[in-house]
Amino acid sequence: MRRTTRPIPVVDGISAPHPARRSRAALGTLTAAGTLLALLLPTGQAGAATPQPGHRTATPHTTVGAYWTPDRMRAATPLDLATPTKKAPTTTVPRSAPLKVSPTLPRAVPSLPNALPQAGGPWTGGGAVAKTTGRVFFTYQGRNASCSGDAVTSGNKSTVITAGHCVKLQGAWHTNWAFVPGYHDGQAPYGKWTAAKTLATPQWTASEDINYDIGAAVVAPLDGKKLTDVVGGQGLSFNSGYNKAMYAFGFPAAAPYDGSKLIYCSGNTIKDPLFSQDHGLPCNMTGGSSGGPWFTTFDEKTGTGLQSSVNSFGYQFWPNTMFGPYFGDDAKNLYNTAQSS
């Protein structure tokens, strides 16, 4: 997501462009900071890659939870990601037959009024999404940063889906990683769930390929309970195609937003005609929204849907448009690895 001052690292909300936002260096004619190019040039894959080991935290969960005080959460910098400036012609995202995973809820969700689609605004519809979507906090290069994430249906009842750069960036795994579902202005109404393990697609883990900017976390139990038993879990959809009606959610923390509340966008997606294989959606969310879920077949009355992407990046020269990776076979493999951990 967007950033502020500092050189041009490639972080999501720390100083580089905002993964769910635009590239920070002036890209007048598609020329961004040269130091970021190698990081964002993907390599082609013949098929879904073999999942690679993730990062297991050695920090006690109680210590991480205590670290994220209301003041630290409010002050966390949104992490930004540099946008691609060159297309890798051999890059293709492996696909197979569509697969859908139904959402799970801890209890029945009451029917709520429909919310109006828009290119960015507070979500007031309530429902399951207000509990399953949350803010992600972590330490990156010695700084406290934030992204977004979503609790999903999983075999271990402990899986969070987010963006790849929200778990690992510039070759290093983030530390002090915690997921706060239902976050609101420094408050953690459903607790702070700390990561026992963080993972990303093999392509992101190896070379931070923008087409595979997908991450996951397996969170530890909290007070003897598992995550989706407390907040529920959204469904997922893999290999569902392009040009879909979708809803995107997140906690943007760069102006004009401040990270205090859940924001959403909705509309029909396109396939990125420029430098990635991503979906594109009209959306003005800024830094900090990275990793927030995109849903197909989203029900505004119950706040449930099938997650099929995450907020990833935006082009500076293409305002008010967010891009998110295609959930193909590698995303499916990541999900399966996480839920079986």
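Visitor: Why is helix α7 called mostly covered?

Guide: Buried means under 20% relative accessible area, exposed over 50%, and partly exposed in between, with a 1.4 Å probe and protein chains only. In α7, residues 329-339, 8 of the 11 residues are buried. Among them are D329, L334 and Q339. The helix is a DSSP run of H or I with at least four residues; a strand is a run of E with at least two, and both are numbered from the N terminus.

Visitor: What is this model, and how are residues numbered?

Guide: It is a predicted model, where local features need pLDDT of at least 70, side-chain atom pairs count only at pLDDT 80 or more, and totals for chains, interfaces and linings use all residues. Residues are numbered from 1 along each chain as its sequence is written, and side-chain values use heavy atoms, with hydrogens and water left out.

Visitor: What makes T269 buried?

Guide: Its relative accessible area is 3%. The limit is under 20%, so T269 is buried.

Visitor: Where is T269, and which residues is T269 in contact with?

Guide: T269 sits in the loop between β15 (263-268) and β16 (270-271). Contact means heavy atoms within 4.5 Å. Leaving aside neighbours within four places in sequence, the contacts of T269 include Y242, N243, H279 and W294.

Visitor: What makes the link between T269 and N243 a polar contact?

Guide: A polar contact is a pair of N or O atoms within 3.5 Å; within protein, one must be able to donate a hydrogen and the other to accept it, and residues adjacent in sequence count only if both atoms are side-chain atoms. The backbone nitrogen of N243 lies 3.5 Å from a polar atom of the T269 side chain.

Visitor: What lines the second largest cavity?

Guide: A cavity is a set of points on a 1 Å grid over the protein atoms alone where a 1.4 Å probe fits but cannot get out, and lining residues have an atom within 4 Å of a point. Here the lining is I161, I214, L236, F238, F327, A331, L334 and Y335. Helix α7 gives the largest share, 3 residues.

Visitor: How is that lining divided by class?

Guide: Ala, Val, Leu, Ile, Met, Phe, Trp, Tyr, Cys and Pro count as nonpolar, Asp, Glu, Lys and Arg as charged, and the others, Gly among them, as polar. The lining has 8 nonpolar, no polar and no charged residues.

Visitor: How much of the protein is buried?

Guide: Buried residues make up 62% of the 341 residues.

Definitions and conventions
1 Å grid on protein atoms, 1.4 Å probe; cavity = no way out; pocket = protein on both sides within 12 Å on 5 of 7 lines; lining within 4 Å.
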